[in-house]
Amino acid sequence: MAVHPQIQEDKWKSLRYFLGGIFFVLVLIEKSMGFDPKVSGNFFPKQGFRNIGKQAEKTKFAEPVDPFQSETFEDDLNWEEEVFNHSYPTNTKSTKQTKVIDETIPEITLPEDRFPGAGKRISAEPGYLPVYFLKFYGSGKNSQSQLVKLTREFPGGDPIVFLFQELTKGPTVTEKSKGVLSALTKKIRMEPNYRLENGILHISISEELSSGGSMEILKDRLDQITFTYVGNFGIQGVVLYSNGERIRTLGSDGMSLPDVLAKTQRKVILF
């Protein structure tokens, strides 16, 4: 049975409309699922098929980008300008850290830094003993202190305590008139107990030794002590202590002291 031509043409039109509608639906689905046929040339999505529901995205590593090629780099620079040219409120509240002090832990002093205690006292016959003071030579900025060697009449007995007392007592009126001075003041005291062992004299001195003087004055004090003691009564070096502990530094600047004080290479003037 032959089909009428008009009916055949209507069927083809209906089929075309049907196929066009399907194609249109596919295009909509393609857009919603991320298909990019213009770029990739196929109908597969860039990121693959997505499952319905939540899906964790994989971490992407950013490619290095030149900041000056960015369209917004000028805006970033303007923002930095605003930061430097304007003040912004800051949180002024600071959290104070509580310092925990365990008073049950005692302060530890190493054995070699502790005052060794009193030893056998020295006794000497009456005579004359050398003491060292200071005198400044030059003027203005060129003025420098020099050690001056003087003598004191010793009545006999313990020379260690006697010599330190003479150093802190200072020069006589006649010597002062000639410019003789002492860097050791009367406030600086020496404990009566000392120890002379293996040529090393261990003496304990009050804290005033470290105060009230520049670094040059502190050096002068040390030289007055060492030059007065070293070379007499078998003394080869001096170790200083204060409050039972060895003095390692002097002054606010923390001038370091050697383990044993000895005579320095310094000019001495016989007065």
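User: Which residue is the bridge partner of H202 in β6?

Analyst: The bridge partner of H202 in β6 is V239. This is a predicted model, in which local features need pLDDT of at least 70 and side-chain atom pairs count only at pLDDT 80 or more, while totals for chains, interfaces and linings use all residues. Residues are numbered from 1 along each chain as its sequence is written, and side-chain values use heavy atoms, with hydrogens and water left out.

User: Why do β5 and β6 count as paired strands?

Analyst: Two strands pair if DSSP finds at least two bridges between them, and β5 and strand β6 (residues 237-242) are joined by five bridges in the parallel sense, so they meet the definition. The names follow DSSP runs numbered from the N terminus, where a helix (H or I) has at least four residues and a strand (E) at least two. In the protein chain there are six helices and 10 strands.

User: What makes the crossover from β5 to β6 right-handed?

Analyst: The chain leaves β5, passes through α6 and arrives at β6, and this β-α-β crossover is right-handed, because, with the strands pointing away from the viewer, the path from the first strand over the helix to the second runs clockwise.

User: Why is the pairing of the sheet with β4, β5, β6 and β7 called mixed?

Analyst: The open sheet has the order β4-β5-β6-β7, and its neighbours pair in both senses: strand β4 (residues 190-197) is antiparallel to β5 over five bridges, whereas β5 and β6 are parallel. The strands β6 and β7 are again antiparallel, with two bridges, and S242 of β6 has E245 as its partner in β7. The edge strands are β4 and β7 (245-246), each pairing on one side only.

User: What makes β5 a mostly covered strand?

Analyst: Buried means under 20% relative accessible area, exposed means over 50%, and partly exposed lies in between, with a 1.4 Å probe and protein chains only. Six of the six residues of β5 (residues 200-205) are buried. On one side point I200, H202 and S204, on the other L201, I203 and I205, and all are buried. For the protein chain of 271 residues, 29% count as buried.

User: Why is F233 called partly exposed, and N243 exposed?

Analyst: F233 has a relative accessibility of 31%, and therefore counts as partly exposed, whereas N243, at 60%, counts as exposed. F233 lies in the loop between α6 and β6, and N243 in the loop between β6 and β7. Both residues also have a positive phi without being glycine: near 60 degrees for F233 and about 55 degrees for N243. Most residues other than glycine have a negative phi.

User: What makes the contact of α4 with α6 a mainly nonpolar one?

Analyst: The residues in contact, with heavy atoms within 4.5 Å, are I160, L163, F164 and L167 of α4 and Q224, I225, T228 and Y229 of α6. Ala, Val, Leu, Ile, Met, Phe, Trp, Tyr, Cys and Pro count as nonpolar, Asp, Glu, Lys and Arg as charged, and the others, Gly among them, as polar. By that scheme the contact has six nonpolar, two polar and no charged residues.

User: At what angle do α4 and α6 pack, and how far apart are their axes?

Analyst: The angle is about 145 degrees and the axes are 11 Å apart. Axes are lines fitted to C-alpha atoms, for helices over the stretch in contact, and angles run from 0 to 180 degrees between N-to-C directions.

User: How do you know that α4 is mostly covered, and what does it pack against?

Analyst: Nine of the 11 residues of α4 are buried, including I160, F162 and L167. The buried residues of α4 pack against β1, β2, β4, β5 and α6.

User: Why do β3 and β10 count as edges of the other sheet?

Analyst: This open sheet of four strands has the order β3-β1-β2-β10, with mixed pairing. Both β3 (180-181) and β10 (268-270) have a single partner strand, so one side of each is left without a neighbour in the sheet. Within the sheet, β1 (residues 127-137) and β2 (residues 144-154) are antiparallel and joined by 11 bridges, and L134 has L147 as its bridge partner in β2. Helix α4 (residues 159-169) packs on this sheet, touching β1 and β2, and helix α6 (residues 215-229) lies across β1, β2 and β10.
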